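Load the model in your viewer and follow the stops below. Each one says what to select and what is there.

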Amino acid sequence: MLDDNCIFCKISNKEIPSKLLYEDEFTVAFNDLNPQAPNHILVIPKKHFASLNELDDEKYMSALLNAVKEVTKKLGIKEYRTVINTGETAGQTVFHIHIHILAGRPLLWPPG
């Protein structure tokens, strides 16, 4: 199910053109429009889940992590950070679950 008002649903449904870096039956991956690292890729499910708290389908859980592995492998990225922001105070700004892949520079800890 898609949300007609969700920009990520529109990207995954190809209503908004985007250069997809990866696509499978359950997910798509594309570059973040506001990159925080030289490589900043978003991996999203094709089905709308507002956040990790709503993600209740094991197929999509597995597919999201597999997509991270596949897109980094395809791009030759061996070291990276993954981030899932859940909720507004945690930094989530688009309420469609997405995994950030950050790479290409040293990533400090703690992140926030």
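**Stop 1: a charged network**

Select Glu-23, which is partly exposed at 35% relative accessibility. This is a predicted model. Show the side chain of Lys-14 as well. It meets the side chain of Glu-23 in a salt bridge, 2.7 Å from N to O. Lys-14 counts as exposed, at 52% relative accessibility.

Now add Lys-46. Its side chain also forms a salt bridge with Glu-23, at 2.9 Å, N to O. Lys-46 sits in the loop between β3 and α2 and Glu-23 in strand β1, so this pair ties together parts that are 23 residues apart in sequence. Lys-46 is partly exposed, with a relative accessible area of 21%. Through shared partners, Lys-14, Glu-23 and Lys-46 are joined into one network.

How many salt bridges does the count give? It comes to three. One of them is still to be shown: select Lys-59 and Asp-57, whose side chains meet at 3.8 Å, N to O. Asp-57 is buried, with a relative accessible area of 15%.

**Stop 2: a buried acid**

Go to Asp-24, in the loop between β1 (20-23) and β2 (27-31). Which side chain of opposite charge is nearest to Asp-24? It is Lys-46, 5.8 Å away. A salt bridge needs a nitrogen within 4 Å of a carboxyl oxygen, and Asp-24, though buried, has none.

Look for polar partners instead. The side chain of Asp-24 makes a polar contact with the side chain of Tyr-22, at 3.0 Å. A polar atom of the Asp-24 side chain also lies 2.7 Å from the backbone nitrogen of Thr-27. Beyond neighbours within four places in sequence, Asp-24 is in contact with Lys-46 and Ala-63.

**Stop 3: aromatic rings**

The count of aromatic pairs comes to three. Select Phe-8 and Phe-30. Their rings are edge-to-face, 5.6 Å centre to centre, with 75 degrees between the planes. Phe-8 lies in helix α1 (residues 7-12) and Phe-30 in strand β2, so the pair ties together parts that are 22 residues apart in sequence. Phe-8 is buried, at a relative accessible area of 6%. Phe-30 is buried too, at 4%.

Next, select Phe-26, Phe-49 and Tyr-60. These residues form one aromatic cluster.

**Stop 4: two cysteines**

Show the sulfur atoms of Cys-6 and Cys-9. Each is the other's nearest cysteine sulfur, 3.8 Å away. A disulfide needs sulfur atoms within 2.5 Å, so this pair does not qualify. The structure holds zero disulfides. Cys-6 is buried, with a relative accessible area of 6%. Cys-9 counts as buried as well, at 2% relative accessibility.

**Stop 5: strand β5**

Select Ile-101, in strand β5 (residues 99-103). Is Ile-101 buried or exposed? It counts as buried, at 0% relative accessibility. Turn on contacts, leaving aside neighbours within four places in sequence. Ile-101 touches residues including Asn-39, His-40, Ile-41, Val-43, Val-68 and Tyr-80. For a distance check, pick the C-alpha atoms of Ile-101 and Val-28. They are 13 Å apart, and the residues are separated by 73 places along the chain.

**Stop 6: a buried serine**

Finish at Ser-51, in the loop between β3 (39-45) and α2 (58-75). Ser-51 is buried, with a relative accessible area of 10%. Not counting residues up to four places away in sequence, Ser-51 touches Thr-86, Gln-92 and Ile-97.

Technical notes. Residues are numbered from 1 along each chain as its sequence is written. This is a predicted model: local features need pLDDT of at least 70, side-chain atom pairs count only at pLDDT 80 or more; totals for chains, interfaces and linings use all residues. Side-chain values use heavy atoms; hydrogens and water are left out. Buried means under 20% relative accessible area, exposed over 50%, partly exposed in between (1.4 Å probe, protein chains only). Helices (H or I, at least four residues) and strands (E, at least two) are DSSP runs, numbered from the N terminus. Lys and Arg count as positive and Asp and Glu as negative; His and the chain ends are not counted. A polar contact is a pair of N or O atoms within 3.5 Å; within protein, one must be able to donate a hydrogen and the other to accept it, and residues adjacent in sequence count only if both atoms are side-chain atoms. Contact means heavy atoms within 4.5 Å. Rings of Phe, Tyr and Trp (its six-membered ring) pair if their centres lie within 6.5 Å; planes under 30 degrees apart count as stacked, over 60 as edge-to-face and the rest as tilted.
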